[in-house]
Each structure stands twice: as C-alpha cells, then as structure tokens.
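User: Could you take a close look at the aromatic side chains here, and at what surrounds them? I would like one connected account, with every cut-off spelled out.

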Amino acid sequence: DKVHLRHVMLYEFRKGINVAAAVKNIQDVYQDEAPAKRTVEKWFAKFRRGEFNLEDEPRSGRPSDIDDDVLRTLVLNNPRISTEEVATALNVDRSTAFRRLKKMGFDLKLDIWVPHLLTEKNKIKRISAAVSLLGRLNNDFVPNKQHLREALLFCFNVKKSTAEARRLLEEAYGKHAPSKTTCEDWFKRFRSGDFDTEDKERSGRPKTIEDADLQALLDEDDTQTQDQLAEVL
C-alpha cells in the first residue's frame, strides 16, 4: 500500500542515494505499483526538511512555506529540474517556486538553473546552510519499529539475505537498527507468507520470559534497547 511505499522511500533516503536511484530500486521491485518519480521527489523534499510523518495530513488550503535550504539542494543536485517539478516537490504553485528561485539568485539558461557568482559572504552563508541541513538529516530522525519492519520487508522483497538486510539497516540507522535476532525473526515470517508488519494482539496469559533467553540476547548484542528486546521476546 502507499504507506509501505513511503516507508521504502524513507529507507532509500536514509541510505543517502538520489531520487533517480531510489526510483529505479523501487520500480525494480514493485513495477506498476511503484510511485512516480514526481512522488518520490516530493517525499525526498519532505525528508530533507526533517518531516518524517508518513501518514496523509489534512489539507488546510494554504500553500506550504518554502525552505530555502531544501530548494537550493534540489536545484544544485539537479540543475535541469523544471519549475513544475520544484513546485510539486515543495507543495507550492509554479509561480511561487519560480519567484523564490529568482529571489535566491538562480537564472534559467538553456533549461539549466545557474546560480549567480557568489561573493565571499554568499559562500560562507551557503556553507552554513549546508552544514545546518546536514545536521538535521543526521540527527533528527529516529525510526520507530514499524518503519524498521517495513524496511526489512523491502530488503526481503529485493532478495537480500538476513545478514545483508541487517548490514544495510545498520548503515542507514546506526544504533537504531534492529538486532540480528529481530531481523531473522521477521525474515522467517516473510518466508512463511506473513507480510503483516503490525503488532498482533496477544490473547491469554502474558508470555513468561526465561532469564536464559534474555541473557542470550544480551550476550549477542548488549546495546539493544528495551523496545528491541521486548519485540524479540
């Protein structure tokens, strides 16, 4: 469904790849069900702004504010991006996107957005903005267990092994990545044809946790959080 695909887009974004590569990776797996390039661009722009809510938000009718750092990154990463594509990615109308680009000093020459020559002050300002944006990308996002499960499902769909999936998620999420045992448990579910990543309701008496099982998990990886341990047990 569309929420799963948004989780996949966020996973691709966290891997640090560009929109074109993400589109190809997703299309290779989901083919006709894959989101359009314009949709991926829109979600990548949201992620760059530090917005990680993957649910549909109610529309108020007001156009969204433009983040100059995100707009600059879009154009510098793809100087041939059209004004319409910029507008779609930032959820604003075309004229608003065009005026903001002109105000920021970009000129459209031979279908390429070209920045004016920068003064020393402009260069310092741009570096500061880039560092600020990088800090937001690296520090603001903490994945919840639902997102990590959706990312695992995507890795399973692209025929990664459990070990490969664990390594990829560790590269993308660092200390927040699921443990080896958690990855193995979810891959076992997927192989059995169970692709439901939601928590299942528990019935009857609560499960009794054996101290030996808990100790074995801690011996395997003593950096696991309480949530990760609870999910496995």
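Analyst: **Aromatic rings and their surroundings**

Happy to. Phe195 is partly exposed, with a relative accessibility of 41%; on this scale, under 20% is buried, over 50% is exposed and anything in between is partly exposed, using a 1.4 Å probe and protein chains only. Before going on, please keep in mind that this is a predicted model, where local features need pLDDT of at least 70 and side-chain atom pairs count only at pLDDT 80 or more, while totals for chains, interfaces and linings use all residues. Residues are numbered from 1 along each chain as its sequence is written, and side-chain values use heavy atoms, with hydrogens and water left out.

First, the setting. The chain holds 12 helices and two strands, taken as DSSP runs (H or I of at least four residues for helices, E of at least two for strands) and numbered from the N terminus. In sequence order the elements run α-α-α-α-α-α-β-β-α-α-α-α-α-α. Buried residues make up 39% of the 233 in the chain. Among contacts with a separation of 6 or more, 66% join residues 24 or more positions apart; a contact here is heavy atoms within 4.5 Å. The exposed area is about 14500 Å², with 49% of it from carbon and sulfur atoms, as computed by the Shrake-Rupley method with a 1.4 Å probe, where for residues only the protein chains shown count as cover.

Now the rings themselves. A pair of aromatic rings is described by the distance of the centres and the angle of the planes. Rings of Phe, Tyr and Trp (its six-membered ring) pair if their centres lie within 6.5 Å, and planes under 30 degrees apart are stacked, over 60 edge-to-face and the rest tilted. Over the whole structure, 14 aromatic pairs turn up. One of them joins Trp43 and Phe47, whose centres are 6.1 Å apart with planes at 45°, so this pair is tilted. Both residues belong to helix α3, four residues apart, or about one turn of the helix. Trp43 is buried at 4% relative accessible area, and Phe47 is buried at 0%.

Phe190 and Phe195 make a stacked pair, 6.2 Å from centre to centre with 20° between the planes. Phe190 is buried at 1%, whereas its partner Phe195 is partly exposed.

Trp43 and Phe47 also belong to a wider group: together with Phe13, Phe44 and Phe52 they form one aromatic cluster. Helix α3 spans residues 37–48, 12 in number, and covers 16 Å from its first C-alpha to its last, close to the 16 Å expected at 1.5 Å a residue; the expected span is 1.5 Å times one less than the number of residues. Its buried residues are Val40, Glu41, Trp43, Phe44, Ala45, Lys46, Phe47 and Arg48. Just past the end of α3, Gly50 has a positive phi of about 85°.

Charges come into the picture too. Arg189 places its charged end over the ring of Trp186, 4.1 Å from the ring centre; the test asks for NZ of Lys or CZ of Arg within 6 Å of the centre and within 35 degrees of the ring normal.

Side chains of opposite charge can pair when their charged atoms come close. There are six salt bridges, each being a side-chain nitrogen of Lys or Arg within 4 Å of a carboxyl oxygen of Asp or Glu. One of them links Arg49 with Glu51, the closest N and O atoms lying 3.1 Å apart. Arg49 is buried at 16%, while Glu51 is partly exposed at 32%. Another joins Asp28 and Lys24 at 3.0 Å, both in helix α2 (residues 19–30) and four residues apart. Here Asp28 is partly exposed at 49%, and Lys24 is exposed at 52%.

Finally, His4 lies in helix α1 (residues 2–14) and is buried at 9%. Beyond its neighbours within four places in sequence, His4 is in contact with Tyr30, Glu150, Leu153, Phe154 and Asn157.
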